[in-house]
Amino acid sequence: MERSRGFSLADGVTLVRIPLAILFPLVNSTPVRLVILALAAATDLGDGWVARRFGGSRFGAVLDPIADKLFVAVAFAVVWAAGALAWYEVVAVLARDIVATVAFVGTLATGSATAVPARLGGKAVTLLQMLTLVVFVLHLPHLQSLAWATGAVALYAIYDYNQPFFRKLRTR
């Protein structure tokens, strides 16, 4: 479906993640944090479906990854502040998001910013990040193991997202 210049319903779904990012560190209730995580995951999945079904916007193409990265950065800052993971473990979990943000800012600065379609590796990282947050909120064992597994998948996702770029370089 074609992207509009205005605000779309999908953008409204995406925007829900911003107040969720603000709320997550402010609440200390396990059930409320689980609801926040469920809503964040649902809006992450839902905004894409709504955009495909009813149309998206150019604004949404930029807003969606910003909302995603804001939510996970804030949520994992809470995990780090609680002492549940070391700073380097949080960096590993967020490696894909950090690299994507640096790449986006770099392409924006050069005037060649473009949306990158979602890939399987990226979706796997998102799922593992959410599972890691659920394990943290529920105080379940193996948080560090899951964080390292998420970091490993993040490294694969970085590789996977760069494959079209490397193919383009090889054909030159």
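Tutor: A residue counts as buried when its relative accessible area is under 20%, and as exposed when that area is over 50%. The model discussed here is predicted.

Student: Is Asp68 buried or exposed?
Tutor: The relative accessible area of Asp68 is 18%. Buried means under 20%, so the class that applies to Asp68 is buried.

Student: How many salt bridges does the structure hold?
Tutor: One of them is the contact between the side chains of Asp47 and Arg17, and another pairs Asp68 with Arg17. The number of salt bridges in the structure is six.

Student: How many residues apart in sequence are the parts that Asp47 and Arg17 tie together?
Tutor: The side chains of Asp47 and Arg17 form a salt bridge, with N and O 3.0 Å apart. Asp47 belongs to helix 3 (residues 30–54) and Arg17 to helix 2 (residues 17–23), so the bridge connects parts whose separation in residues is 30.

Student: Which helix holds Asp68, the partner of Arg17?
Tutor: In the salt bridge of Asp68 with Arg17, the closest N and O atoms are 2.7 Å apart. This pair links distant parts of the chain, 51 residues apart: Arg17 is in helix 2, and Asp68 is in helix 4 (residues 58–81).

Student: What relative accessibility makes Arg17 count as buried?
Tutor: Both Arg17 and its partner Asp47 are buried. The cut-off for that class is under 20%, and Arg17 falls within it because its relative accessibility is 1%.

Student: Which residues are joined with Arg17 into one network?
Tutor: A further salt bridge lies between Asp97 and Lys69, at 3.9 Å from N to O. Asp97 is in helix 6 (residues 95–110) and Lys69 in helix 4, so that bridge ties together parts 28 residues apart in sequence. Where salt bridges share partners, one network joins Arg17 with Asp47, Asp64 and Asp68.

Student: Which elements give two or more residues to the largest nonpolar core?
Tutor: The largest nonpolar core has 26 residues, and Phe24, Leu37, Phe71, Phe76 and Leu133 have the most contacts inside it. The elements that contribute two or more residues to this core are helix 2, helix 3, helix 4, helix 5 (87–93), helix 7 (120–137) and helix 8 (143–171).

Student: Which residues does Phe24 touch, not counting residues up to four places away in sequence?
Tutor: Phe24 is among the residues with the most contacts inside the largest core. Beyond four places in sequence, Phe24 touches Arg33, Ile36, Leu37, Phe71, Ala75, Val78 and Val137.

Student: On which residue is the kink in helix 3 centred?
Tutor: Helix 3 has 25 residues and spans 35 Å from its first C-alpha to its last, close to the expected 36 Å. The buried residues of helix 3 include Thr43, Gly46 and Asp47, and what covers its buried residues includes helix 1 (9–15), helix 2, helix 4 and helix 7. The kink in helix 3 is about 25°, and its centre is Gly46.

Student: What value is the phi of His142 near?
Tutor: Most residues other than glycine have a negative phi. His142 is located in the loop between helix 7 and helix 8, and it is exposed, with a relative accessible area of 59%. The phi of His142 is positive, near 75°.

Student: Is His139 buried or exposed?
Tutor: His139 also lies in the loop between helix 7 and helix 8, and its phi is positive, near 55°. Its relative accessibility is 67%; since the upper class begins over 50%, His139 counts as exposed.

How values were computed
Residues are numbered from 1 along each chain as its sequence is written. This is a predicted model: local features need pLDDT of at least 70, side-chain atom pairs count only at pLDDT 80 or more; totals for chains, interfaces and linings use all residues. Side-chain values use heavy atoms; hydrogens and water are left out. A salt bridge is a side-chain nitrogen of Lys or Arg within 4 Å of a carboxyl oxygen of Asp or Glu. Helices (H or I, at least four residues) and strands (E, at least two) are DSSP runs, numbered from the N terminus. Buried means under 20% relative accessible area, exposed over 50%, partly exposed in between (1.4 Å probe, protein chains only). A nonpolar core is a set of buried Ala, Val, Leu, Ile, Met, Phe, Trp, Tyr and Cys residues joined through side-chain atoms within 4.5 Å. Contact means heavy atoms within 4.5 Å. The expected span of a helix is 1.5 Å times one less than its number of residues. The bend at a residue is the angle between axes fitted to the seven residues ending there and the seven starting there.
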